[in-house]
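Work through the following exercises with the sequence and the coordinates open beside you. Each task is followed by a solution that proceeds step by step.

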Amino acid sequence: MKQCSFDVVVVGGGHAGCEAAYAAARMGANTALVTLKQSDIGVMSCNPAIGGLGKGHLVREIDALGGVMGVVADKAGIQFRLLNRRKGPAVQGPRAQADRKLYQEHMQRALGATPSLQIIEGEVASFEFEGDTVVGVNLIDGAQIKTKTTILTSGTFLNGVIHIGNERKSGGRMGDKPSVPLANQLLSLDLKMGRLKTGTPPRLNGETIDWSVLDSQPGDESPTMFSFLHDRPFANQISCGITFTNEATHDVIRKNLEHSSMYGGYIEGVGPRYCPSIEDKVVRFADKTSHQVFLEPEGLSDKTVYPNGISTSLPYEVQVNYVRSMKGLESVEILQPGYAIEYDFVDPRALSSTLELGGYHGLFLAGQINGTTGYEEAAAQGLVAGLNAAAVALDRDPITFSRADSYIGVMVDDLTTLGVTEPYRMFTSRAEYRLTLRADNADQRLSPLAQDLGILGPDRVSGFEVKMEELQAGRAILDNLKVTPSDLEKIGITSKKDGQKRSLFQVLSFPGTDLGTINQLYPEGLGISDRIAVQLKNDATYATYAERQKREMEVLKRDEKTIFPETFVYDDIDGLSSELRKKLTLVRPDNIAQAARIEGMTPAALVLLLAKIKKFHQAKSA
């Protein structure tokens with residue numbers, strides 16, 4: 001292969017790359033996925049798990065848009081748990097422990113069966129430019145691939161350096177070389193770049209763990225799946241073990257802090273605050289005498305165990321000592337030492353809301369290169385970049401997501417407007433409209449968009465339409481049937497004794513009330529399935545808040561439609577502080593809603609910007 005051409009070329013076969021390639025191909029673009037090793041597509045470099053708080057919302061949204069991560073996670077899941085189950089549905093997050101090999105196998109199978117998608121093994125050395133437009137990628141072996149658009153999903157491979165104690169070696173992850181030539185070309189483009197770090201714990205031999213003395217954590221009896229296509233797991237289910245660090249563990253770590261890559265001054269990159277290393281935990285939470293550690297099997301036929309909660313960059317010998325100080329791990333064998341990895345990233349404020357790199361047409365970035373951490377954040381960005389790279393290649397309209405309609409929109413807006421000072425991780429608290437942006441209603445919010453784009457397969461379309469018909473029919477039943485306070489008293493539901501009749505939908509919003517309770521009034525039943533009953537309960541619970549948020553979202557969407565022209569110059573605006581001018585020039589917000597979230601922005605400045613945009617358009621049309 002000396003030369004070939006595609007509509008879209010995706011560089012990197014990690015979670016961002018897989019979702020980007022799958023999305024672009026589903027849009028109808030002739031797509032190539034270039035990766036170092038085809039056998040490594042879909043590899044779970046760190047924790048063998050998908051989802052969690054905030055992250056699970058992203059996976060549900062990817063699935064609602066016809067993506068691949070949720071489907072594969074369901075097929076590889078060996079333990080499913082709904083986090084925050086005791087709290088409201090808005091902040092509950094599905095999570096699955098995955099079998100690493102099964103995840104890779106199903107991801108590779110899904111991509112291999114995708115029409116218009118070709119997988120190419122090779123290392124991209126550089127981009128080919130014509131002016132400021134990327135028109136191809138050059139491989140190390142001299143081959144060239146022509147392309148209309150390119151998506152870079154380099155993960156931790158750009159100038160990646162692995163740290164174990166005071167040892168340093170180049171690597172994109174353990175066992176893989178970094179991408180240096182491509183990193184050097186990006187640096188030559190005069191982009192604002194920085195260094196971040198992440199880390200992993202040592203991998204343990206499960207056969208050398210004394211499971212009999214440990215607490216066990218089983219999965220949920222009624223698992224919550226990621227994909228709206230599925231209602232039950234595919235693989236056998238397992239339990240995880242639980243152990244704890246102790247004072248002896250902390251003593252070992254404290255005595256060896258100077259040998260840690262991070263505390264020894266060997267790392268300049270900033271790590272994720274919300275996923276600290278065990279060294280960080282011991283230093284930052286010095287008053288705590290123990291920290292919980294989840295022992296997560298990496299597969300049904302794999303003896304490797306991932307000790308979640310003790311990522312580290314301490315020397316191997318120290319890792320052995322502190323791990324063996326924990327209950328059940330006294331004789332454990334370490335199969336692979338934990339390590340920290342440091343890598344280059346691009347300031348995401350250089351990106352538009354489609355994740356296209358400002359100043360370079362046809363080049364999109366997705367995943368950790370944009371300053372994020374986590375498989376789910378990477379995949380969601382891959383989806384956005386894949387859809388939009390294909391849209392550019394096929395001369396279709398851009399596809400953007402709003403904070404008002406999705407967690408995907410929240411993340412992209414946070415990144416492109418605010419940038420990052422540490423690896424970005426999604427949380428439910430980041431979403432202003434989280435009461436309506438729930439994991440359970442992701443399909444109701446986003447599948448209509450996927451239908452309009454033509455990227456929702458026929459099985460998904462039919463399933464979604466059936467669900468919406470059942471929801472509408474169920475809602476009509478609940479709205480039309482009304483009961484009195486005395487009716488409710490018969491089934492143990494307390495309400496105001498005001499003689500007013502209430503619809504069953506209103507009654508369903510009462511705390512502790514579900515359709516099973518209400519059905520006591522209707523011996524023949526209401527004809528609403530359990531699946532739809534749960535959805536209607538969630539909708540009823542948040543109905544009042546939803547109306548208020550709907551009004552707020554309408555305001556936000558109206559502001560988002562006020563778009564800054566590409567050639568808009570902020571330095572010429574009298575009345576703006578020099579600080580705001582600099583920030584606006586750096587961020588270059590796509591619209592007024594993004595500008596409003598820039599630190600230091602004032603209502604008066606927003607009014608001034610709106611007036612200047614209006615004047616700009618008037619001058620242009622004159």
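## Exercise 1: Strand 19 and its sheet

Along strand 19, Tyr-339, Ile-341, Tyr-343 and Phe-345 point one way while Ala-340, Glu-342, Asp-344 and Val-346 point the other way, and all of these residues are buried. The model in which this is seen is a predicted one.

**Task.** Determine how strand 19 (residues 339-346) is placed relative to the rest of the structure, and work out the strand order of the open sheet of 4 strands with antiparallel pairing.

**Solution.**

Step 1. Begin with the side chains: in a regular strand they alternate between the two faces of the sheet. The two groups in strand 19, with Tyr-339, Ile-341, Tyr-343 and Phe-345 on one side and Ala-340, Glu-342, Asp-344 and Val-346 on the other, are to be read in that light.

Step 2. Turn to burial, for which the cut-off is under 20% relative accessible area. Because 8 of the 8 residues of strand 19 are buried, this strand is largely enclosed by the rest of the structure.

Step 3. Identify the partners. Strand 10 (residues 161-164) pairs with strand 19 in the antiparallel sense over 3 bridges, and within this pairing Val-161 stands opposite Glu-342. Strand 12 (residues 193-200) also pairs with strand 19 in the antiparallel sense, over 8 bridges; here Gly-194 faces Phe-345, and Arg-195 has Asp-344 as its bridge partner.

Step 4. Assemble the sheet, whose order is 11-10-19-12. Strand 11 (167-170) and strand 12 stand at the edges with a single partner strand each, so one side of each is left without a neighbour in the sheet. On average, with direction ignored, neighbouring strands of this sheet are turned by 25° against each other.

## Exercise 2: A sheet with a helix on it

**Task.** Establish which strands are the edge strands of the open sheet with the order 3-5-4, and which strands helix 3 (residues 69-76) touches.

**Solution.**

Step 1. This open sheet is formed by 3 strands with antiparallel pairing. Its edge strands are strand 3 (49-51) and strand 4 (77-83), each of which pairs on one side only.

Step 2. Neighbouring strands here are turned by 20° against each other on average, direction ignored. Strand 3 and strand 5 (residues 93-98) are joined in the antiparallel sense over 3 bridges, and Ile-50 stands opposite Ala-96 in strand 5.

Step 3. Helix 3 packs on the sheet and touches strand 3, strand 4 and strand 5, with its direction making about 115° with that of strand 4.

## Exercise 3: Two crossing helices

**Task.** Classify the crossing of helix 2 (residues 55-64) and helix 10 (residues 407-418), and list the residues that make the contact.

**Solution.**

Step 1. The two axes come within 9 Å and cross at roughly 115°; helix 2 and helix 10 are therefore roughly perpendicular to each other.

Step 2. Helix 2 contributes His-57, Leu-58 and Glu-61, and helix 10 contributes Tyr-407, Ile-408 and Met-411. These residues divide into 4 nonpolar, 1 polar and 1 charged.

## Exercise 4: The surroundings of Thr-245

**Task.** Decide whether Thr-245 is buried or exposed, and find what its side chain reaches.

**Solution.**

Step 1. Thr-245 lies in the loop between strand 15 (240-244) and helix 6 (247-255), and with a relative accessible area of 2% it is buried.

Step 2. Its side chain makes a polar contact of 2.9 Å with the side chain of His-250, and reaches the backbone nitrogen of His-291 at 2.7 Å.

Step 3. Leaving aside neighbours within four places in sequence, the residues in contact with Thr-245 include Ile-278, Thr-289, Val-293, Ile-310 and Met-326.

Conventions
Residues are numbered from 1 along each chain as its sequence is written. This is a predicted model: local features need pLDDT of at least 70, side-chain atom pairs count only at pLDDT 80 or more; totals for chains, interfaces and linings use all residues. Side-chain values use heavy atoms; hydrogens and water are left out. Buried means under 20% relative accessible area, exposed over 50%, partly exposed in between (1.4 Å probe, protein chains only). Two strands pair if DSSP finds at least two bridges between them. Axes are lines fitted to C-alpha atoms, for helices over the stretch in contact, and angles run from 0 to 180 degrees between N-to-C directions. Angles under 35 degrees count as roughly parallel, over 145 as roughly antiparallel, 65 to 115 as roughly perpendicular and the rest as oblique. Contact means heavy atoms within 4.5 Å. Ala, Val, Leu, Ile, Met, Phe, Trp, Tyr, Cys and Pro count as nonpolar, Asp, Glu, Lys and Arg as charged, and the others, Gly among them, as polar. A polar contact is a pair of N or O atoms within 3.5 Å; within protein, one must be able to donate a hydrogen and the other to accept it, and residues adjacent in sequence count only if both atoms are side-chain atoms.
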